[in-house]
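These are my notes from going through one chain. I began with the surroundings of a single residue and worked outward from there.

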Amino acid sequence: MKSLSFNDGENRYLIKATDGSGNEETKEIKFFIDSQKPRIHTFGPLKGYADGTFWVQYTEDNLQEVTINYGNVAKGFNSTKITSCDNGKKQNCEIEVNLKKYDGQQIEYYFTIKDIAGSVVESKKAKLDVDVSFPNITSLNYRVEDRKVYFDIDVNEANLASITYTDESQVVPKPKKLCSKLVDEKCNARVTFGYGEHYLNIEVSDKAGNIISWPVNVTI
């Protein structure tokens, strides 16, 4: 038996056999060579909170599939495959998964990449807290004293990032901070406005990027 070396990629060869009487028979064969394993450069997110969006950067010229494996012992583990990621060097692929059943818990996740030759590589494992719930404003009250407005906002959110307001009546509306933390699930803040109508957009965001808004009209 003789061994031969072939180039990576698709190979097409014509095999010819001849017997002692000069009879010949030929046959074409095609096969694919992929001697390079996939390479995972980085993946994420690695910090903050998981909201269901994940990504991986890799190098592979003959990609078959990218898989994200995720879950925990309490709720079980799942995997999601995607076959539409691109071939090439340092390609980025994003995957969306439903983490609703892990909301408020911690998950462990990692990626696997498989090429058409069957070679599989696995990323390191990472852990993230899951937050896919939107903040909930349970009540929003305010009172006006001269040019000052006193806000009393009740919010149900364990991972608050900020509570801001945007005065849409301004020439260039910009968000301004009301609270960056809650005390007994309350945000109490005081803001001084100019005389006239103010069309406010109260916005509550959490550390996972979930945002809700509440319109308030104030007359000074």
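Entry 1, a core residue. The model is a predicted one. I looked up the contacts of Val66, leaving aside neighbours within four places in sequence, and found Val56, Tyr58, Thr80, Lys81, Ile82, Cys85, Ile95, Phe111, Thr112 and Ile113. I then asked which residues have the most contacts inside the largest nonpolar core. They are Phe54, Val66, Leu99, Tyr109 and Phe111, in a core of 24 residues. Two or more residues of this core come from each of β5 (53-60), β6 (63-72), β8 (88-96), β9 (106-115) and β11 (126-130). I noted another core apart from this one, with 21 residues, including Ile153, Cys187, Phe193 and Val216.

Entry 2, pairing around β9. I followed β9 to its partners. β6 and β9 run antiparallel and are joined by eight bridges, with Ile68 opposite Phe111. Between β9 and β11 I found four bridges, again in the antiparallel sense; here Tyr109 faces Ala126. β10 (residues 120-122) pairs antiparallel with β9 over three bridges, and Thr112 stands opposite Glu122. I checked the connection of β9 and β10 as well: they form a hairpin with four residues between them. Gly118 lies in that turn and has a positive phi of about 95 degrees.

Entry 3, disulfides. How many disulfides are there? I count two. With the bonded cysteines numbered in sequence order, the pairing is 1-2, 3-4.

Cys85 and Cys93 are joined with their sulfur atoms 1.8 Å apart. The torsion about their S-S bond is about -40 degrees, so I recorded this disulfide as left-handed. Both Cys85 and Cys93 are buried. Cys85 had already turned up among the contacts of Val66.

Cys179 and Cys187 form a disulfide with a sulfur separation of 2.0 Å. Their link is right-handed, with 85 degrees about the S-S bond. Is Cys179 buried or exposed? Its relative accessibility is 9%, so I list Cys179 as buried, because the cut-off for buried is under 20%. Cys187 has a relative accessible area of 1% and is therefore buried too. I had met Cys187 before, as one of the residues in the core of 21.

Entry 4, a three-stranded sheet. I looked up an open sheet and read its order as β12-β13-β16, with antiparallel pairing. The edge strands are β12 (136-145) and β16 (186-192), each paired on one side only. On average, neighbouring strands of this sheet are turned by 15 degrees against each other, with direction ignored. β12 and β13 (residues 148-156) share nine bridges. Within this pair I noted Arg143 opposite Tyr150.

Entry 5, the whole chain. I tallied 18 strands and zero helices. The radius of gyration is 29 Å, whereas a compact globule of 220 residues would have one near 17 Å. The C-alpha trace spans about 115 × 45 × 20 Å along its principal axes. I find 35% of the 220 residues counted as buried. For contacts between residues at least 6 apart in sequence, 58% join residues at least 24 apart.

Definitions and conventions. Residues are numbered from 1 along each chain as its sequence is written. This is a predicted model: local features need pLDDT of at least 70, side-chain atom pairs count only at pLDDT 80 or more; totals for chains, interfaces and linings use all residues. Side-chain values use heavy atoms; hydrogens and water are left out. A nonpolar core is a set of buried Ala, Val, Leu, Ile, Met, Phe, Trp, Tyr and Cys residues joined through side-chain atoms within 4.5 Å. Buried means under 20% relative accessible area, exposed over 50%, partly exposed in between (1.4 Å probe, protein chains only). Contact means heavy atoms within 4.5 Å. A disulfide is a pair of cysteine sulfur atoms within 2.5 Å. Two strands pair if DSSP finds at least two bridges between them. Axes are lines fitted to C-alpha atoms, for helices over the stretch in contact, and angles run from 0 to 180 degrees between N-to-C directions. The radius of gyration is taken over C-alpha atoms; the globule rule is 2.2 Å times the number of residues to the power 0.38.
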